[in-house]
Amino acid sequence: MKLVITTKTKLTTKHISTFFKKLTLYEIDTAAQLEQESSKNPWSKKQLSESISNPNNVCYLLEVKSKIIGFIIAMPSVDSADILNLAVHKDFKRKGYGSSLIEYLSMNLKKRHIKTLFLEVRQGNFAAIALYLSLGFEEISIRKNYYAKNSNQLSIKEDGIIMRLEISTL
Ligand SMILES: CC(C)(COP(=O)(O)OP(=O)(O)OC[C@H]1O[C@@H](n2cnc3c(N)ncnc32)[C@H](O)[C@@H]1OP(=O)(O)O)[C@@H](O)C(=O)NCCC(=O)NCCS
């Protein structure tokens with residue numbers, strides 16, 4: 001079932017209708033393409049498909065004017081959840097959609113009595129870190145040299161930053 005949420009964009013004061021839906025394997029091709037186009041270190045289609053088909057995971061997509069422009073994947077446990085992936089199409093960045101995906105996820109996780117969100121982000125992913133800080137996430141630890149810098153520079157490592165948010169603050 002689709003849920004219609006009306007959100008305000010920052011570029012205009014008009015209301016734009018957006019649709020949040022469960023992300024399923026039916027959308028895997030679009031999600032994989034979006035991931036490739038939006039991220040500097042994209043997940044492979046196989047990684048995405050394994051994550052989406054894991055019944056424990058919670059996966060949502062965001063449609064704007066019938067176009068899938070973003071998705072979020074999280075893995076809930078007892079009273080917390082890890083955000084595993086989040087992507088917004090390159091043409092739709094800085095319009096509040098990344099924030100709205102996290103807020104929509106949080107709204108649904110609250111109903112499952114989940115109180116805390118965790119995530120891990122590359123130290124060099126400034127856009128994502130800025131987004132998380134803007135929502136109130138706090139850095140709680142660093143995983144030294146956790147990531148390869150990119151697939152061409154496997155020997156150069158990058159730290160991972162672990163962040164936490166108490167959902168009630170959203
Ligand atoms: C990170 C990402 C999801 C952000 O999505 P988005 O829809 O552009 O984010 P929002 O528009 O909701 O941004 C909210 C706030 O975050 C901050 N922010 C987001 N992108 C930023 C950027 N490139 N530079 C500086 N601040 C940024 C700003 O404070 C922004 O508010 P503002 O636009 O009013 O200044 C998007 O850039 C993306 O898909 N990146 C590639 C995939 C990725 O890195 N995923 C995260 C993996 S951990």
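In this predicted model, an oxygen atom of the ligand sits 3.2 Å from a polar backbone atom of Lys-95. Two further backbone contacts turn up at the ligand. At Gly-98, a backbone N or O atom is 2.8 Å from a ligand oxygen, and at Leu-86 a backbone N or O atom is 2.8 Å from a ligand nitrogen. On its own the ligand would expose 920 Å², and the protein buries 75% of that. In total, 22 residues surround the ligand, and the ones that come nearest are Leu-86, Arg-94, Gly-98, Ser-99 and Asn-125.

Next in sequence before Leu-86 comes Asn-85, which has its place in strand E5. Asn-85 has a relative accessibility of 9%, and because buried means under 20%, it counts as buried. Its polar side chain isn't left without a partner: the side chain of Asn-85 makes a polar contact with that of Glu-35, at 3.4 Å. Leaving aside residues up to four places away in sequence, Asn-85 touches Glu-35, Trp-43, Leu-48, Phe-71, Ile-72 and Ile-73.

One of those neighbours, Leu-48, leads over to helix H2. This helix spans residues 45–53, and its Leu-48, Ser-51 and Ile-52 are buried. These three cover an arc of only 95° around the axis, so they lie on the same side of H2. That fits the usual helix geometry: with 3.6 residues a turn, residues three or four places apart in an α-helix point the same way. As for what the buried residues of H2 pack against, the list takes in helix H1 (28–38) along with strands E3 (58–64), E4 (67–76) and E5 (80–88). Asn-85 of E5 is thus picked up again here, through its contact with Leu-48.

Then there's strand E8, residues 157–166. Seven of its ten residues are buried, so the rest of the structure largely encloses E8. Two pairings involve this strand. Strand E6 (residues 116–122) pairs with E8 in the antiparallel sense, over seven bridges, and within that pairing Glu-120 has Ile-162 of E8 as its bridge partner. Strand E7 (residues 138–148) also runs antiparallel to E8, and seven bridges join the two. Here the bridge partner of Arg-143 is Gly-160 in E8.

Conventions
Residues numbered from 1 in each chain as written. Predicted model: local features only at pLDDT ≥ 70, side-chain atom pairs only at ≥ 80, totals over all residues. Heavy atoms only, no water. Buried < 20%, exposed > 50% of the residue type's maximum accessible area, 1.4 Å probe, protein only. Helix = DSSP H or I, 4+ residues; strand = E, 2+ residues; numbered from the N terminus. Arc of directions from axis to C-beta. Contact = heavy atoms within 4.5 Å. Near = heavy atom within 4 Å. Polar contact = N/O pair within 3.5 Å; in protein donor to acceptor, adjacent residues only side chain to side chain. Areas by Shrake-Rupley, 256 points an atom, 1.4 Å probe, with all protein chains shown as cover. Pairing = 2+ DSSP bridges.
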